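Colleague: I should like to understand this structure step by step. May I put some questions to you?

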Amino acid sequence: MAASDNAKHSQIATDSIPSAMDYLRLPSFMKKISIEHCLNELRIPPEFVALHGAHLPFDYRLVTPRGRSWPVRVLNIASGCHFHTGWADFRLTNNIIHDDVLTFTMVDAGIFHVKRYNPRTGCPRVSDLQGDDVYGDADHSDAPDIETSDDYVPSDTEVVDSSDEDEYAPDQGVLADDGCPTFSVTLDSSNISRTLEIPMAFWRRHIRMISLQDPVYFNVNGDSWFIVLDHSDTKIWVKRGWRRFNAANHLVVGVRCHFKLIDRNDVQFYVWFDRP
């Protein structure tokens, strides 16, 4: 979308904002994002459609708190009304992840104001309200790290954690419990000073190789980091974003990091730590 078009639609959306008391009476609904059902479309609650269906056009604009807007089209099928064409672009650009809670307020015909809440804190994400980077504040940005590992390429002769071997096996009990494959890495000094490697055998077994061209997301307790990967014929490593993730989560040598794959398509890992 051209910048001028986006600015024009943002101004239209801003002009549609009613007074505070009127805003509270506007039609609205809430959705909790599920990776199983909300990747490429979002179902509008049937109760909302029943009450306001007469005022629902086919084309909408979803407007965020910072005034940016995205076009989406509604698909009306047997299972109900869904935000369809344009939804995936909105979700990816705004880094909407599993368990995020969104509210949709219909401020005018074809215009929804969308606000996101952190499921852990119950508060709006600060990155949605401040700054200019669509991927959030500096700690969650895809901008190059200062003194980053961007130019670092692991050698094929380097000694690596055993989880990188072809005999990779998931953590005991994790795959059987919830069906999400997991790999674990105990951080050493090279991880702290340089980068993180993702086991090639893990990726080949669970994720399409073409997805190495796209960004991935590391999610920790409701916060998300935008990660860019690089790879050779035998190794996969974090090219951009590891330094900020490392610092924000206070990682040190000896911390064991667990990476659970919760979305194989738009690759997302839920990450937790065992600290020494």
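Modeller: Please begin with a definition: two strands pair if DSSP finds at least two bridges between them. Please note also that this is a predicted model.

Colleague: What is the order of the strands in the open sheet that has S1 in it?

Modeller: Strands of a sheet pair through backbone hydrogen bonds, either parallel or antiparallel. In this open sheet of seven strands the pairing is mixed. Read across the sheet, the order is S1-S6-S7-S3-S4-S5-S2.

Colleague: Why is one side of S1 and one side of S2 left without a neighbour in that sheet?

Modeller: Strand S1 covers residues 28-32, and strand S2 covers residues 42-43. One side of each is left free in the sheet because S1 and S2 stand at the edges, each with a single partner strand.

Colleague: Which residue in S5 stands opposite leucine 42?

Modeller: Strand S2 is joined by two bridges to strand S5, residues 80-83, and the two run antiparallel. Opposite leucine 42 in S5 stands phenylalanine 83.

Colleague: How many residues lie between S4 and S5 in their hairpin?

Modeller: Strand S4, residues 69-77, runs antiparallel to S5, and four bridges join them. One facing pair is isoleucine 77 and glycine 80. The number of residues between the two strands of the hairpin is two.

Colleague: Which strands stand at the edges of the sheet that has S8 and S9 in it, and why does each have a free side?

Modeller: This open sheet has seven strands in the order S8-S13-S14-S10-S11-S12-S9, with mixed pairing. Each edge strand has a single partner strand, so one of its sides is without a neighbour in the sheet. The edge strands are S8 (182-186) and S9 (197-198).

Colleague: Which residue in S12 is the bridge partner of glutamate 197?

Modeller: S9 pairs with strand S12, residues 236-240, in the antiparallel sense over two bridges. The partner of glutamate 197 in S12 is tryptophan 237.

Colleague: What is the arrangement of the aromatic pair of phenylalanine 48 and phenylalanine 112?

Modeller: The structure holds 24 aromatic pairs. For phenylalanine 48 and phenylalanine 112, the ring centres are 6.0 Å apart and the planes are at 50 degrees. Planes under 30 degrees apart count as stacked and over 60 as edge-to-face, so an angle between these limits counts as tilted. The arrangement of this pair is tilted.

Colleague: How many residues apart are the two partners of this pair, phenylalanine 48 and phenylalanine 112?

Modeller: Phenylalanine 48 lies in helix H3 (residues 46-52), and phenylalanine 112 lies in strand S7 (residues 111-117). Phenylalanine 48 is buried at a relative accessible area of 5%, and phenylalanine 112 is buried at 0%. The pair links distant parts of the chain, and its partners are 64 residues apart.

Colleague: What is the arrangement of the rings of phenylalanine 218 and phenylalanine 245?

Modeller: Phenylalanine 218 lies in strand S10 (residues 216-220) and phenylalanine 245 in helix H9 (residues 242-248), so the pair ties together parts that are 27 residues apart in sequence. Both phenylalanine 218 and phenylalanine 245 are buried, and both belong to one aromatic cluster that also includes Phe183 and Trp225. Their ring centres are 5.3 Å apart and their planes are at 70 degrees, so the pair is edge-to-face.

Colleague: How much space lies in the largest cavity?

Modeller: There are three cavities of 30 Å³ or more in the structure. The largest cavity is lined by 14 residues, and the closest to its centre are Thr64, Pro65, Asn94, Arg116 and Asp128. By class, its lining has seven nonpolar, two polar and five charged residues. The space in the largest cavity is about 160 Å³.

Colleague: How much space lies in the second largest cavity?

Modeller: Its lining includes Ile33, Cys38, Arg91 and Asp263. By class, that lining has six nonpolar, three polar and two charged residues. The space in the second largest cavity is about 40 Å³.

Colleague: How many disulfides does a search of the whole structure find?

Modeller: A disulfide is a covalent bond between the sulfur atoms of two cysteines. Among the cysteines, cysteine 81 is buried, with a relative accessible area of 10%, and cysteine 123 is partly exposed, with 42%. The number of disulfides found in the whole structure is zero.

Key
Residues are numbered from 1 along each chain as its sequence is written. This is a predicted model: local features need pLDDT of at least 70, side-chain atom pairs count only at pLDDT 80 or more; totals for chains, interfaces and linings use all residues. Side-chain values use heavy atoms; hydrogens and water are left out. Rings of Phe, Tyr and Trp (its six-membered ring) pair if their centres lie within 6.5 Å; planes under 30 degrees apart count as stacked, over 60 as edge-to-face and the rest as tilted. Buried means under 20% relative accessible area, exposed over 50%, partly exposed in between (1.4 Å probe, protein chains only). On a 1 Å grid over the protein atoms alone, a cavity is a set of points where a 1.4 Å probe fits but cannot get out, and a pocket is an open set with protein on both sides within 12 Å along at least five of seven lines; lining residues have an atom within 4 Å of a point. Grid points are joined across faces, edges and corners, and a volume is the space filled by probe spheres set on the points. Ala, Val, Leu, Ile, Met, Phe, Trp, Tyr, Cys and Pro count as nonpolar, Asp, Glu, Lys and Arg as charged, and the others, Gly among them, as polar. A disulfide is a pair of cysteine sulfur atoms within 2.5 Å.
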